Amino acid sequence: MRTQPQATAPRGSGTVVPGPGGGAMAEGLLTALKRAAAALRDAGIGYALAGGFAAYARGAAVSTHDVDFVVRPRDVQAALEALAGAGMTHVESPENWLEKASDGEHFIDLIHTPSGHPVDDELLGRSGELTVGAVFMPVLPATDLMIMRLLAFAATACDFSGFLHVSRALREQVDWRRVAAETAGSPYAYAFLTLLARLDVIEGDVP
């Protein structure tokens, strides 16, 4: 099994490759992402890009669903106020682990407690500056992206197909032993890692 993450070329050109949702949607989301990142940065709020666009920044296909940032729980209200100052609107969400804002038809998720684990300084400190649409911003490491996504699998949300391409794209950057160790309590994560091993996306048996 590969255990050492490796570097990847950042997405610095500003060009968005159309995904399943189409080029126009992806371009609109990228614009919303840059506006939100600028608002958080200018407000002095610690954050990192997460989710599909973080995977995109690290080499995967572009996301066309929404924009995800991780922020510390104590910074959520200030982050919402910063986004409101940029013209975005707070959207009520039934989930208790994130808050949502909208930039027109595009949604920004502020994730503060993914899978019951509050975002902290250690997580944000592992983030690295990458270029996303020609703008530098902190982006979660591939290993943390993988852990966060695998812990989100559950009995009612266990569609592996959408994340297989991300795992293939990021596999050289991921510390798979750490992923296995930190997701060991989840049978769904174990099943996904077993699938990746059988598909030769990762080398060796899942610990």
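These are my notebook entries on two pockets, a group of aromatic rings and one helix, all looked up in a predicted model.

**Entry 1: the largest pocket**

I began with the largest pocket, for which I noted a volume of about 1,100 Å³. Its lining is made up of 34 residues, and those that lie nearest the centre of the pocket are G51, G52, H65, D68 and R149. I then looked up which elements give two or more residues to this lining, and found α2 (51-57), the strands β4 (98-103) and β5 (106-111), and the helices α5 (142-152) and α6 (161-170). Sorting the lining of the largest pocket by class, I recorded 19 nonpolar residues, eight polar ones and seven charged ones.

**Entry 2: the second largest pocket**

I went on to the second largest pocket, whose volume comes to about 330 Å³. Here 15 residues form the lining, and I listed H117, L123, R126, D144 and E182 as the closest to the centre. Two or more lining residues come from each of α4 (121-125), α5 and α7 (176-182), with α5 giving the largest share, four residues. By class, I counted seven nonpolar, two polar and six charged residues in the lining of this second largest pocket.

**Entry 3: aromatic rings**

Next I searched the whole structure for aromatic pairs, and the search returned six. I followed up the pair of F153 and F192, which is tilted, with 5.5 Å from centre to centre and 45 degrees between the planes. This pair joins distant parts of the chain, since F153 belongs to the loop between α5 and α6 while F192 is in helix α8 (residues 187-198), 39 residues apart. Are the two rings' residues buried or exposed? I take F153 to be buried because its relative accessibility is 3%, under the 20% cut-off, and F192 likewise counts as buried, at 0%.

F192 also pairs with F163, again in a tilted arrangement, at 5.9 Å centre to centre and 40 degrees between the planes. This pair too links distant parts of the chain, F163 being in helix α6 and F192 in helix α8, 29 residues apart. I checked F163 as well, and at 10% relative accessibility it counts as buried. When I asked which residues belong with these rings, I found that F153, F160, F163 and F192 form one aromatic cluster.

I also noted a charge at this cluster, where the charged end of R149 sits over the ring of F163, at 5.8 Å from the ring's centre. R149 was already in my first entry, as one of the residues nearest the centre of the largest pocket.

**Entry 4: helix α3**

Last, I looked at helix α3 (residues 76-85), in which I found V76, A79, L80, A82 and L83 to be buried. How wide is the arc that they cover around the axis? I noted an arc of only 160 degrees, so these buried residues lie on the same side of α3. The other side of α3 carries E81 and G85, which are exposed. Just after the helix, I recorded that G87 takes a positive phi of about 95 degrees.

Key: Residues are numbered from 1 along each chain as its sequence is written. This is a predicted model: local features need pLDDT of at least 70, side-chain atom pairs count only at pLDDT 80 or more; totals for chains, interfaces and linings use all residues. Side-chain values use heavy atoms; hydrogens and water are left out. On a 1 Å grid over the protein atoms alone, a cavity is a set of points where a 1.4 Å probe fits but cannot get out, and a pocket is an open set with protein on both sides within 12 Å along at least five of seven lines; lining residues have an atom within 4 Å of a point. Grid points are joined across faces, edges and corners, and a volume is the space filled by probe spheres set on the points. Ala, Val, Leu, Ile, Met, Phe, Trp, Tyr, Cys and Pro count as nonpolar, Asp, Glu, Lys and Arg as charged, and the others, Gly among them, as polar. Rings of Phe, Tyr and Trp (its six-membered ring) pair if their centres lie within 6.5 Å; planes under 30 degrees apart count as stacked, over 60 as edge-to-face and the rest as tilted. Buried means under 20% relative accessible area, exposed over 50%, partly exposed in between (1.4 Å probe, protein chains only). A charge sits over a ring if NZ of Lys or CZ of Arg is within 6 Å of the ring centre and within 35 degrees of the ring normal. The arc is that of the directions from the helix axis to the C-beta atoms.
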